[in-house]
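Trainee: I have the chains on screen. Can we go through the contacts between them, then a sheet?

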Amino acid sequence: MGEVKYSVRKAKIMALLKMAFVYAVLLVPLVPVLMMVAWLFVQSISAGPTMGLIPRGITLKNFRFLWSEIRFGLSKYPTIWPIVMNSLILALGVTAFEVPVAALTGYALSRMEFRGRVALMKLIIALHAFPGVILLIALFYILNRLGLYGKGLLTLIGVALVKAGLGVPMDTWILKGFFDGIPWELEWAAMIDGCSRFQTWRKVLLPIIAPGISAVAIFAFMSGWGEFLIAYTYIKRKEFYPLSVFLYSVIGEFVFVDWGLLAAVALFYILPILLFYALSQRTLLKLQLVGGIKG
Amino acid sequence: MEIRSFLRKLRPRRMPRLGRALPYIYIAPFMAYILITWIAPVAITIYMAFTECRWTVTRMRFIGLENFIRIFTRDIYAVDAIYVTAIYVSSVLVINAFFSLILAIFVTYFVGNETIASAIRLAWLIPRITPAVIYALMWRWFIDPRIGPLNAMLKALGLPAPSDWLLTLPYSRLLMIAVNGYVGASFGMIIYSAAVVSIPKDLFYAAKVDGASDFQICRHIILPLLKWHIFFVTSWQALSLLSSYEHILALWAGAGTARAAGVEVWALYAYSKAFYTSDYGYGAALSVFLVAIGIIFILFFFKVFGFERMMQPSRVEV
Amino acid sequence: MAQKTTTYLVIGLVVGLIIGAIIGVAVAPPKGVPKEEYDKVKSQLEELQAKYDALKSVLGTLPEDGVIKLSAWSAGSPVDYYRAENLKRAAKVLEALLRAAGLNVKIEIDSYYEHVSDWGAWKSKFVAAYEAGEAPDIISGIDMAEAAEAGWIIPLDEYIEKYSDVLKDIPDYLWDACKYKGKIWGVPQDVASQVFYYRKDVLREMGWSEEEVEALADRIAAGEVTWDDLMKIAKEAMERGLVEWGFYHRPNWGTSLEIPYYEAGGEFYDLETGKLVLDKKALKAMFELFYKMAQEEKVLPDTMIGTSWRQIHMGFVNGRVLFWLGGSWHWGEWQKVEYHEKLGKLPESYEWENIGFAPYPALTKGGRPAMTTGPWKYYITSQSKYPEIAFLLCVFATLPPYDADHALTSSHLPVRYSTLHYKPFIEKGGFLYKVSQYVAKYGITKPIMHPKWGILKEILLEHLVKVEKGQMTPDEAVDSVVRAAQAELGEELIVRG
């Protein structure tokens, strides 16, 4: 490093420019996204359809679906809350089915030596090469085989199970990363204290990887919350439709749409996920997919 | 719950000498899931690729290699689809794996205020967490030459603004890259950010004391430490992109339009064959082809990036 | 009120006939009646008796408690909900009929309606139900040829024969559209007809007299005004800044885009062989027309395909576009959706004042204008336990009052001739009445009953985009379409011209 002559002022300007550059890179590409969200918001409180960012009269009537009956042609939903409930069952179901299994397997992959361990890890990566698209047809067949067509709540749970199965490889991989980051000594000490291997896992290790657990829990919740096609295909009665299917009927062909209502429902649909993420930022920052960094 | 009671029985044994079975008990539920949702469907799909299957899985007619022969000899769209897929995967990968790295370092290392950093990260997550249909709707508004703000902004900047973004090449492909890039950037951003956060701060302080500039810190401390993360994100995202299609489908609202716009990627082509023209057998063959390419990718990553080192346990079991 | 009365009349009439028949057969020949006359009446009555027995035989599989449970899935846009509602009303009619005939039954129908936007998903939903053995009795909105091939639906010829007298006012051309491989697989529910719209207010601004404006529709219908003439008018209107665009057409593939192809003598499906057809000459005429519009005269945006429906409707409804290649249902849609920037939903009086309609113009002077029409169909699934009852419900769902309700709500044409004479329809259905007059003269039905038609449509759409964008000349597009279609369809395609 050569000797640098500088005045305090110059350094300040340089620092300012640097930060300006940093913020420009971070924020300028965000402009479209923020505008789109703003549009969605404006639309949802606008009395008439608006194509710009200025509402045509402000109203809350687009959010009326939250407290009053909703009609689409003949379909009538007395209230939206049972639908929200279905979505919650689905999303929480996926989380409940997915996370414990991923935690068990992640632990085994990280801490145990067994035949087929490396093969299993390779398999997890390889599964990622299979496009979910086309598995759909085969999955439909399997769901039918399991007799899960049109069974209401049971179908919801079945869909949750399938979604959990689809998500579990990725989660396992993430949690394995978290387990890798825990010093082996900790576990060892617990076992010397008389804990069984399972107890150690549950009482010592799980609390430590709580951030990882909540990260995969969020992913799982999100995948359940967003599920559309399987739910639409397999759920027969509209009492058991989740929010995503409901939204589909709102969107229609982009023709008959009540834009305000659509925007309001869309916001309502995204909001929980957004909140979840906002609250779990710190957790996400602890994600370690490829082992911790050893300084 | 069977596992729990089973393990409870084993409790008297103090030392973890539960025999060879224990790891398999741990992975048993996982294997059950995988069997139902992955192995079985994959097997069915592979079999389906060798059949003519027009309606349902229950009615397949074995036709041997016919579908694959069709891909290589008679399919007039295959070459285009490969070309589009290559453009798509490589361009979006640059955003997903490298631009996201810049974003992560900037937001984690440079932005001091944690609240602001959080807000920025959250904003970058929006495209990812918005359902595809709504995301597509928002983009349709944004790019609309008449009412959307994009062209107005471009014109204000003196840049060329096409009369139509959806169907005019090369704009349609730019759009495809942007739409998917926004979705993908956050994945790398989260993983890299987490990695940067986990670097002990002392390292930065020490370097600063030695007179290193921020750029040098990034170049000589952060980047080397993030090597594995970059490898991981690159390969993972390459595979994800190879098989992703839903945002293209949502925005172009139909396979026919996507083809005309020059944005029909291979996965979308397979989807449209299966679900729009009900040629499930051929759609399956197209996906099996895609999987073959994916596997080649994986082997490549394993070899070139020495990916296998990630498979090692962090500590060797006693 | 009027509807109810008519419903009761219809019920009363049929019930009366049946009861009359029973009584008539039981009674001995009255004295003093000529033998001929008596035999004629007697044979008529015997026929009715046979029908009554048939009706009873329908119920041969009756459940113990006399409750017949059926389910139906209907689909469409939000204004098409009578597709489901009318089945419920039909169930009431049939129940009343059967009761009147002395059969104590109850018909419960679970009539589900959905506003479908992804037909692929709708089909998957049906297939899933079918595979699980829980298919509804009545389904619509799936491809007939495919469903017939797959065995999901049953042929209805036997029933149609049996109940011909309640079906005879459904025109033959609609039945033709329900035929596949020599059998009839569907019951017509409504008729979609393409309608060509123009803005009267713009023409007035161009200095046309009121008579000229009003006469345009007839001149188009007479083949005096062709596509080329309209392009000239469009160009003038654009040059004078009265409209932004001369023409708009639909943003994805649909029958309205096929009309020039039919006008040039082409067809996409050969009834004889059941194969798909490409007529190179007609294909060229079709591509040339759109090429001329978008590239030469520049009266059609070259980005039409993929434009949002909303934008299209707003363009025409607000008078920014002169001609719209639409369908009869749009007339109704504009009254129900807020497209107009000031008025919101259009009152019908505004439409009559400012919007004119005609068949699609002819390709050449003196040529024949055209409008394609085709029925929406109910199908009976092969898993139905009461196919005959399900069939009767589909039939009764289009009794004139119900047919009229659906037509007036959805702005589709009714399927029965009698509906055209049904008073409430005549009173409120001025537009549809006029359209059906055009249909009677210029209507063409081109059912394409091939499970692989979807593949050909994709190819056509792709090339239409390239032609309108100027990336391909019409000649190149014809060659390329033929090449692609031959590769994809092989033996199942006939190329002509």
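Trainee: How many salt bridges does the rule find across the interface of chain B and chain A?
Mentor: Keep in mind that this is a predicted model. A Lys or Arg side-chain nitrogen must lie within 4 Å of a carboxyl oxygen of Asp or Glu. B:Asp214 and A:Lys18 meet that, with their closest N and O atoms 2.5 Å apart. Across the interface of chain B and chain A, the count is one salt bridge.

Trainee: Which helix gives the most residues to the side of chain B that touches chain A?
Mentor: Start with the contact counts: 113 residues of chain B meet 106 residues of chain A. On the chain B side, 20 residues come from one helix, spanning residues 21-48. That top contributor is helix H2 of chain B.

Trainee: What percentage of the area buried between chain B and chain A is on carbon and sulfur atoms?
Mentor: Look at the residue classes on the chain B side: 84 nonpolar, 18 polar and 11 charged. B:Tyr26, B:Tyr33 and B:Trp38 supply 8% of what chain B buries against chain A, more than any other three residues. The two chains bury about 10,300 Å² between them, and the carbon and sulfur part is 80%.

Trainee: Now chain C against chain A. What area is buried there?
Mentor: The contact involves 32 residues of chain C and 27 residues of chain A. C:His115, C:Lys125 and C:Arg310 give 23% of the area that chain C buries against chain A, more than any other three residues. Carbon and sulfur atoms give 58% of the total between the two chains, which is about 2,600 Å².

Trainee: How many residue pairs are in polar contact across the interface of chain C and chain A?
Mentor: Salt bridges first: the rule finds zero across this interface. The polar contacts are counted with both residues at pLDDT 80 or more. For chain C and chain A, the number is five.

Trainee: Which element gives the largest share of the side of chain C that touches chain A?
Mentor: Four elements give two or more residues each: helix H3 (82-100), strand E2 (106-115), helix H4 (119-131) and helix H13 (309-317) of chain C. By class, this side has 16 nonpolar, five polar and 11 charged residues. The largest share is seven residues, and the element is H4(C).

Trainee: On to the sheet in chain C. Which strands stand at the edges?
Mentor: The sheet is open, with three strands in the order E8-E9-E14 and mixed pairing. Each edge strand has a single partner, so one side of each is left without a neighbour in the sheet. The edges are strand E8 (269-270) and strand E14 (493-496) of chain C.

Trainee: Which residue is the bridge partner of C:Leu278 in E14(C)?
Mentor: Strand E9 (residues 275-279) of chain C runs parallel to E14(C), paired over four bridges. In E14(C), the partner of C:Leu278 is C:Val495.

Trainee: Which helix packs on that sheet?
Mentor: Look for one touching both E9 and E14 of chain C. Its direction makes about 60° with that of E9(C). With residues 280-296, the helix is H12 of chain C.

Notes
Residues numbered from 1 in each chain as written. Chains lettered and ligands numbered in written order. Predicted model: local features only at pLDDT ≥ 70, side-chain atom pairs only at ≥ 80, totals over all residues. Heavy atoms only, no water. Contact = heavy atoms within 4.5 Å. Buried area = accessible area lost by both parts, 1.4 Å probe. Polar contact = N/O pair within 3.5 Å; in protein donor to acceptor, adjacent residues only side chain to side chain. Nonpolar A, V, L, I, M, F, W, Y, C, P; charged D, E, K, R; others polar. Pairing = 2+ DSSP bridges. Axes fitted to C-alpha atoms, helices over the stretch in contact; angles between N-to-C directions.
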